[in-house]
Amino acid sequence: MKTFTLTTAIDYANGSPHIGHAYEKVLSDVIARTRRMQGDEVYFLTGLDEHGQKVQMTARKQGIEPQAFCDQVAVEFRRLCEVLLISNSDFIRTTEPRHKDLVRSILQQLFDKGEIYQAEYSGYYSPRQEQFLQEKDKVNGEWPEIFGEVVEITEKNYFFKLSQYQDWLIDFLKQNEDFIVPRFRQKQVLEFLKEPLNDLCISRPKERLEWGIPLPFDEDYVTYVWFDALTNYISAPGYGTDDFEKRWPADYHVIGKDILLPPHSVYWPIMLHASGIELPKHLLVHGWWNISGAKMSKTLGNVVDPFELADKFGPDALRYFFMREMTVGQDSDFTQEQFLTRYDKELANDYGNLLSRLLNMGARYAEGKIPAATVDEQPEQDLRKLWEETHVLVLEKYEAFEFHRGLEQVFAFLRGCNQYLDIRSPWKLAKSDDSADQEKVLTTLAVIGEGLRLASVLLAPVLPSVTEKVQGLIGIEPATRFAGNLTWGESLAGKSLGEKTILFPKHTD
Ligand code: MSP
């Protein structure tokens, strides 16, 4: 059976992970978990992009070899995956032999087919930054100070014949209107393709850049950036093996908007097409996180550390915020206040508090067990109706990657559960001697248990560890599928409730 395959971008190994990296992994993980709960087998790839000028320079500044530097960075990025509960199937590093070998073999094949040629390349060059520049790098018509003296140089390089595939790519995009999600991004690519494409320079001479994969047909050169990085999507799933047949084509490459054009929407489809490899089915392009309205940057000193947030609030809370706050495809703003508001009002109040109320009252009125529901009146019927509407809608929203809307609905249902509890007010009814009132007390607890069970199934892809905890506290095993677990009325009667637990502790600072 073909797996549902999704990938993230592989992060540059020249710094520490920030919330942009964290978001992309969480978004992909939520999709992966949702698919598993729909019954798909999932292959989910993430990893690290380790070659290139910046990595070489950063390592040199620290006085260590690039490989040793990358090894350190890889530890941090792998830890990010663990801390954020990312359920990736593999973690590719572009310095691994399985990757380097494939990059070289694809390059050799393209070279043999005449798709790669050598030519002179002229351009502005900054010896200080060891980097080619373009007119657009000028600020007010001048080269910024950081580039030092800029010179024009000419050097021989290798080029991939991108331009000859321009018409093919335009046709492909026109015939596959949903290749890029959201659609307005596909329009941008078609707009870009109205201008003629240049062939792609894919090499750097070794005297200028050592830290790369040597070209198999000219060992004096290494391959430059995108040819190396993009190939991870096929090297990791095992190109040339049976595994690859199961895992390819990828269903979604999840990427940020900055690397859509031209790498993922132009270079990658053409590289694959020229190599006779099937194209991925879709690119899912997300927007960027800004920080209190500003671009996140080391220079501004506003980089948000995902480890710190996960440590303080728990990984589930960070995952929830990412998914609830951002509309997939659009930019979003990260502010501490908004994070805390969602944490307090939604996670702690609507969800955490509902559980606490059940555990408290269960201990007080039902000997720590979930009772049977025996009353079915208007309040019960209203809540059940709310659930029927909610779960269908939420699955639709998840399917369309509108996680923010899906979560909004689940939390509206949780608020409905809290209101139901207030309407029934079992703490008042419990004082009555009437046996009908006692039945209502017990029914209320049963209904709340069921509400928590159902909401937790829908929340599981976003809050994997918290929902597991909740399920344990109401005496059930974690649900691994949506199917069969979303129908109201599974009796939890007799299940033991756990000890009083605060799911989302208050934060005073
Ligand atoms: N190494 C390349 C990708 C190669 S993929 C074959 C790269 N790395 S990156 O570290 O700069 O970015 C990795 C991913 O993080 C990209 O998809 C990028 O869009 C995303 N983000 C980086 N900063 C971001 C935000 N501020 N907000 C959201 N995502 C951001 O590009």
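I take two strands to be paired if DSSP finds at least two bridges between them. The model I am reading is a predicted one.

**Entry 1: the open sheet**

With that criterion in hand, I looked up an open sheet of 4 strands, which run in the order 6-5-7-9 with antiparallel pairing. I then asked which strands stand at its edges. Strand 6 (131-133) and strand 9 (200-201) do, and each has a single partner strand, so one side of each is left without a neighbour in the sheet. Further in, I followed strand 5 (residues 116-126) against strand 7 (residues 151-160), and found them paired in the antiparallel sense over 10 bridges. As one register point I noted Ser-122, whose bridge partner in strand 7 is Thr-154.

Val-150 is in the loop between strand 6 and strand 7. Setting aside neighbours within four places in sequence, I list its contacts as Tyr-124, Tyr-125, Leu-133 and Trp-143. I also took a long-range distance from this residue: Val-150 and Glu-477 are 64 Å apart, C-alpha to C-alpha, with a sequence separation of 327 residues.

**Entry 2: backbone geometry**

I looked up two cis peptide bonds, each leading into a proline. One joins Trp-248 and Pro-249, with omega about 5°, and Pro-249 is in the loop between helix 9 (242-247) and strand 13 (252-256). Another runs from Leu-261 to Pro-262, with omega near -5°, and here the proline lies in helix 10 (residues 260-274).

I then turned to positive phi values in residues that are not glycine. Leu-85 has phi near 60° and is found in the loop between helix 3 (66-83) and strand 4 (90-93), where its relative accessible area of 23% makes it partly exposed. Ser-425 has phi of about 35° and is in the loop between helix 15 (403-424) and helix 16 (426-429). Is Ser-425 buried or exposed? I record it as buried, because its relative accessible area is 7% and the cut-off for buried is under 20%.

**Entry 3: a buried acid without a salt bridge**

Glu-24 belongs to helix 1 (residues 19-37). I checked its charge partners and found that Glu-24 is buried yet has no salt bridge, the nearest side chain of opposite charge being Lys-25 at 5.9 Å. What I did find is a side-chain polar contact of 2.7 Å between Glu-24 and His-286. His-286 also appears in the contact list of Glu-24 beyond four places in sequence, together with Thr-8, Ala-9, Val-254, Ile-255 and Gly-256.

**Entry 4: salt bridges**

My search of the whole structure gave 32 salt bridges, and I examined a few of them individually. Arg-342 and Glu-325 meet at 2.6 Å, N to O; this pair links distant parts of the chain, with Arg-342 in helix 13 (residues 336-365) and Glu-325 in helix 12 (residues 315-325), 17 residues apart. Arg-342 counts as buried at 12% relative accessibility, and Glu-325 counts as buried at 18%.

For Arg-98 and Asp-90 the N to O distance is 2.8 Å; Arg-98 is partly exposed at 33% relative accessible area, whereas Asp-90 is buried at 18%. In the salt bridge of Arg-384 with Asp-376, the N to O distance is 3.1 Å, and I noted Arg-384 as partly exposed at 27% and Asp-376 as partly exposed at 41%. Lastly, I noted that salt bridges with shared partners join Lys-2, Asp-251 and Lys-281 into one network.

Terms used. Residues numbered from 1 in each chain as written. Predicted model: local features only at pLDDT ≥ 70, side-chain atom pairs only at ≥ 80, totals over all residues. Heavy atoms only, no water. Helix = DSSP H or I, 4+ residues; strand = E, 2+ residues; numbered from the N terminus. Buried < 20%, exposed > 50% of the residue type's maximum accessible area, 1.4 Å probe, protein only. Lys, Arg positive; Asp, Glu negative; His and termini not counted. Salt bridge = Lys/Arg side-chain N within 4 Å of Asp/Glu carboxyl O. Polar contact = N/O pair within 3.5 Å; in protein donor to acceptor, adjacent residues only side chain to side chain. Contact = heavy atoms within 4.5 Å.
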